[in-house]
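Subject: A structure for you to explore

Hi there,

Here is the structure I promised to pass on to you. Have a look at it first, and then read on for what turned up.

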Amino acid sequence: MYKNNKTLLTLTAAVALASLSGVALADYPERDIRVIVPWGAGGGTDGIVRKLTTIAEESLDVSMYAENIEGGVSATGIGQLMSARPDGYTIGALTYDSLVTVPWQAMLPSYDIDKLKLIARVTSEPDAIVVDADSDYQTIHDLIEAAKENPGEIRVAIQNLGGRVHLAILQFQELTGTEFRIVSYPGGAAPQKEAILSDEVDVALTSLGDFSNLLEDGTVRGLVEFSDTQNPTYPDVPTTADEGIDLQIGSFIVFAAPADTPEETINALESAYKTAYDSDEFQEWVANVGVTPNWLGTDEVTAWADETAESLFSEMDALVEAGVMSK
């Protein structure tokens, strides 16, 4: 009798625990969700993540707050995301550097993409060359001609040595037979803006979305976008394809969570962001910031990220072998 009662109590407790677990999953989220932005405040990535997250939280009935964790070409923030508890209460935004530069340069010893579960890609964002509105360079060919006449003298602001925009300017130099004076401003687009506004540099290489406010008020001009598709927000900025330059490169934003986050939680987050992505509010807003909405959901985004990284690793290894860049 005693054994039977004990067995009954054990079974009852197990059922109760299972029920509680089910309730916990069904009730997600129950508290605020932290969203790591591995770049400084004020840049394009920060603005897009905050806008989309603000709309997404309406589907989850809790607050979602973005937190800027700068450093290491996004490695510091990504490191925190990889080591976070897999409970759905810490997620983060990945960019090109998070998926390509950091692992290729081995900047984060503990880096392992398998420590993350990718939720969705939400944007694509080609790089572009931007100049001050008063610049003498009216076209990209004006800039190329000047760079050939004055090798190493024209100052171009990039974000991080070894990062995506560094790769872009190296490829641009090789394709056009030019040489620029490359000046690095770590920390995202905000320091680049300050550099071009203070005339520390002649040119900035970043996305048009990163400089959207300065483009809109006429402070800067876009000379070319490294794309084969015209940007609807900036129809006056030609593409590299239009200008006969065979170079397309840019960033993206992908949301991710720690790898062991429950599938039900990932699904809830994906659904909230998809609802936000599809909303008129986001689509109308993003159409004015020079970024292309480009959704890939949980079932597709990991394969795309793996293929993209491997392709770029091969390109960068080839540039190293050719002596164009160092690792």
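Let's start at Met 316: apart from neighbours within four places in sequence, Met 316 is in contact with Tyr 96, Val 100, Trp 104, Leu 167 and Met 325. Please keep in mind as you click through the residues that this is a predicted model.

Met 316 is part of a bigger picture. The largest nonpolar core has 55 residues, and Met 316 is one of those that touch the most other members, along with Leu 94, Ile 129, Ile 140, Leu 143, Phe 172 and Phe 226. Helix H11, residues 298-321, gives this core its largest share, with eight residues. There is also a second, separate core, made of 33 residues, and among them are Ala 66, Phe 255, Phe 282 and Trp 295. If you wonder about the general background, nonpolar side chains in soluble globular proteins tend to be buried together.

Next, try Leu 170, which you will find in helix H6, residues 164-176. Is Leu 170 buried or exposed? Leu 170 has a relative accessible area of 7%, and the cut-off for buried is under 20%, so Leu 170 counts as buried. Once neighbours within four places in sequence are left aside, the contacts of Leu 170 are Ile 182, Val 324 and Met 325. You may remember Met 325 from the contacts of Met 316. Another pair to look at is Leu 170 and Leu 319: they are 149 residues apart along the chain, yet 8.8 Å separates their C-alpha atoms.

Now for the empty spaces. How many cavities of 30 Å³ or more are there? The count comes to two.

The largest cavity holds about 190 Å³ of space. Its lining is made of 19 residues, and those nearest the centre are Trp 39, Thr 45, Gln 159, Arg 164 and Asp 210. Helix H2 (44-56) and strand E9 (250-258) each contribute at least two residues to this lining. Sorted by class, the lining of the largest cavity has 10 polar, five charged and four nonpolar residues.

The second largest cavity has a volume of about 30 Å³. Around it you will find Asp 97, Gln 159, Asn 160, Gly 163, Arg 164 and Val 165. By class, that lining has three polar residues, two charged and one nonpolar. Gln 159 and Arg 164 are worth finding on screen, as they line the second largest cavity and are also among the residues nearest the centre of the largest one.

Enjoy exploring!

Methods: Residues are numbered from 1 along each chain as its sequence is written. This is a predicted model: local features need pLDDT of at least 70, side-chain atom pairs count only at pLDDT 80 or more; totals for chains, interfaces and linings use all residues. Side-chain values use heavy atoms; hydrogens and water are left out. On a 1 Å grid over the protein atoms alone, a cavity is a set of points where a 1.4 Å probe fits but cannot get out, and a pocket is an open set with protein on both sides within 12 Å along at least five of seven lines; lining residues have an atom within 4 Å of a point. Grid points are joined across faces, edges and corners, and a volume is the space filled by probe spheres set on the points. Helices (H or I, at least four residues) and strands (E, at least two) are DSSP runs, numbered from the N terminus. Ala, Val, Leu, Ile, Met, Phe, Trp, Tyr, Cys and Pro count as nonpolar, Asp, Glu, Lys and Arg as charged, and the others, Gly among them, as polar. A nonpolar core is a set of buried Ala, Val, Leu, Ile, Met, Phe, Trp, Tyr and Cys residues joined through side-chain atoms within 4.5 Å. Buried means under 20% relative accessible area, exposed over 50%, partly exposed in between (1.4 Å probe, protein chains only). Contact means heavy atoms within 4.5 Å.
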